Amino acid sequence: MSLNKYEAFLQVVELGSLTRAADQLGYTQSGISHMISSLESELGFQLLLRSRAGVRLTDAGEKLLPAVRGMLGYREQLKQIVAAIHGMDAGTVRIGTFTSVAVHWLPEMIKQFQQDYPNIEFNLRNGDYYDVDQWLREGAVDIGFVHMPSAAGYECIPLVRDRLLAILPQDHPLAEAERFPITAAAREPFISLPESSAQDARQALDAAGVHPNIKFTTKDDYALISMVEHGLGMSIVPELLLAGGAGRLAALELEPPSSRIIGLAVRGGQSIGPATARFVEHVRRWVAVRYGEMLPETRP
């Protein structure tokens with residue numbers, strides 16, 4: 001059975017467009033359309049609904065999608081194992097991550113890794129904690145950087161404890177304080193991420209019994225930082241997000257202190273290919289060198 005049609009189907013679903021899927025896979029748009037139509041004929045039911053706005057899954061397509069992801073995931077594992085048997089290091093490592101890791105960790109991690117394994121490719125997806133959990137559950141990624149404990153229920157490797165900081169405009173009366181009393185978040189205009197993304201701040205606020213005075217909500221971490229810089233309010237963010245510099249704002253440790261644990265989740269109950277396993281070990285070593293220690297390992 002050729003898997004090319006299933007790969008085309010998956011790309012169309014993930015990119016939301018026949019044209020973009022064709023560009024990604026190196027086919028013409030009509031070629032991709034023919035592959036999807038041929039697959040639908042073979043299966044005996046329609047997979048996609050096409051309109052000027054793009055494509056969307058039928059109910060049958062929704063039911064089939066997880067199996068297609070799993071089948072193509074096993075194909076990637078097989079490719080990696082065959083390459084390893086031939087003494088080659090090849091394959092694609094599929095990673096789900098959130099902004100602070102995508103910006104401040106992964107570029108250096110991947111650059112160092114490719115010095116030893118230049119033929120291994122990467123497929124990166126960037127979202128929030130909820131997105132990464134979803135990608136792990138769906139099989140769209142093999143490993144994911146997560147906030148622990150992760151709701152996904154996979155094997156999780158704790159990496160580092162990352163402090164949570166209050167960020168304020170530079171001219172704020174508390175900007176020069178040694179610490180930010182978290183109870184003040186009940187009075188200050190608060191800029192929040194959406195509920196599914198705001199686990200870090202919510203964890204600290206809930207622990208202190210504080211209900212923040214939310215005035216603005218945005219899903220973009222750097223839009224949130226810019227809004228604070230422009231004096232629209234304050235927020236609570238992980239320290240790693242500010243690793244490139246605090247910009248035009250003040251960053252204060254919370255009182256009482258709070259932190260998050262960044263972990264690496266590996267899809268549970270399934271083996272991963274040699275290339276992916278090598279990258280997991282590289283991440284562990286990279287973090288140990290950079291931070292001087294690793295957190296004790298835990299499993300679900």
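These exercises, with worked solutions, work through a predicted model.

**Exercise 1. Helix 1**

Test whether the end-to-end span of helix 1 fits its length, then place F9 within its surroundings.

*Solution.*
Step 1. Helix 1 covers residues 4-15, which makes 12 residues.
Step 2. At 1.5 Å a residue, the helix should span 16 Å.
Step 3. The C-alpha atoms at its ends are 16 Å apart, so expectation and model agree.
Step 4. List the buried positions: Y6, A8, F9, L10, Q11 and V12.
Step 5. Look at what follows the helix. G16 comes next, with a positive phi near 70°.
Step 6. Now take F9, a residue of helix 1. Its relative accessible area is 0%. The cut-off for buried is under 20%, so F9 is buried.
Step 7. Find its contacts beyond four places in sequence. F9 touches I36, L39, L47, L48, L57, G61, L65 and V68.
Step 8. Add one distance. From F9 to S37 the C-alpha separation is 9.8 Å, across 28 residues of sequence.

**Exercise 2. Three salt bridges**

For the salt bridges R50 with E40, E255 with R179, and D200 with R260, state which elements each one links.

*Solution.*
Step 1. Start with the total: the structure holds 18 salt bridges.
Step 2. R50 and E40 meet at 4.0 Å, N to O. R50 sits in strand 1 (residues 48-51) and E40 in helix 3 (residues 29-43), so the bridge ties together parts 10 residues apart in sequence.
Step 3. Compare burial with the cut-offs. E40 has a relative accessible area of 12%, so E40 is buried. R50 has 36%, so R50 is partly exposed.
Step 4. In the pair E255 and R179, the closest N and O atoms are 3.7 Å apart. E255 belongs to strand 11 (residues 249-255) and R179 to strand 7 (residues 179-181); the two are 76 residues apart.
Step 5. E255, at 39% relative accessibility, is partly exposed. R179, at 35%, is partly exposed.
Step 6. The side chains of D200 and R260 form a salt bridge of 3.7 Å, N to O. D200 is in helix 8 (residues 199-207) and R260 in strand 12, so parts 60 residues apart in sequence are tied together. Both D200 and R260 are buried.
Step 7. Check for shared partners. R163, E178, R179, E239, E253 and E255 are joined into one network of salt bridges.

**Exercise 3. From strand 11 into strand 12**

Trace the chain from E255 to P256 and on to S259, and give the surroundings of S259.

*Solution.*
Step 1. Inspect the peptide bond from E255 to P256. The bond is cis, with omega near 0°.
Step 2. Locate P256: the loop between strand 11 and strand 12.
Step 3. Move on to S259, in strand 12 (residues 259-266).
Step 4. Its relative accessible area is 18%, so S259 is buried.
Step 5. Beyond four places in sequence, S259 touches R161, D162, R163, L164 and Q203.
Step 6. One of these contacts is polar: the side chains of S259 and R161 are joined at 3.3 Å.

**Exercise 4. Strand 10**

Determine which residues cover each face of strand 10, and how the strand pairs with strand 6.

*Solution.*
Step 1. Recall the rule: side chains in a regular strand alternate between the two faces of the sheet.
Step 2. Apply it to strand 10 (residues 235-238). S235 and V237 lie on one side, I236 and P238 on the other.
Step 3. All four of these residues are buried, and both faces are covered.
Step 4. Strand 10 pairs with strand 6 (residues 155-169) in the antiparallel sense, over 4 bridges.
Step 5. Fix the register with one partner: L165 bridges to V237.

**Exercise 5. Aromatic pairs**

Classify the ring pair F98 and Y129 by geometry and burial.

*Solution.*
Step 1. The count of aromatic pairs is 8.
Step 2. For F98 and Y129, the centres are 5.0 Å apart and the planes are at 85°. Planes over 60 degrees apart count as edge-to-face. The pair is edge-to-face.
Step 3. F98 lies in strand 3 (residues 91-98) and Y129 in helix 7 (residues 129-138), so the pair ties together parts 31 residues apart in sequence.
Step 4. F98 is buried at 5% relative accessible area. Y129 is buried at 7%.
Step 5. Look for a cluster. Ring pairs link W105, F145, W286 and Y291.

Definitions and conventions: Residues numbered from 1 in each chain as written. Predicted model: local features only at pLDDT ≥ 70, side-chain atom pairs only at ≥ 80, totals over all residues. Heavy atoms only, no water. Expected span 1.5 Å × (residues − 1). Buried < 20%, exposed > 50% of the residue type's maximum accessible area, 1.4 Å probe, protein only. Polar contact = N/O pair within 3.5 Å; in protein donor to acceptor, adjacent residues only side chain to side chain. Contact = heavy atoms within 4.5 Å. Pairing = 2+ DSSP bridges. Phe/Tyr/Trp six-rings, centres within 6.5 Å; stacked < 30°, edge-to-face > 60°.
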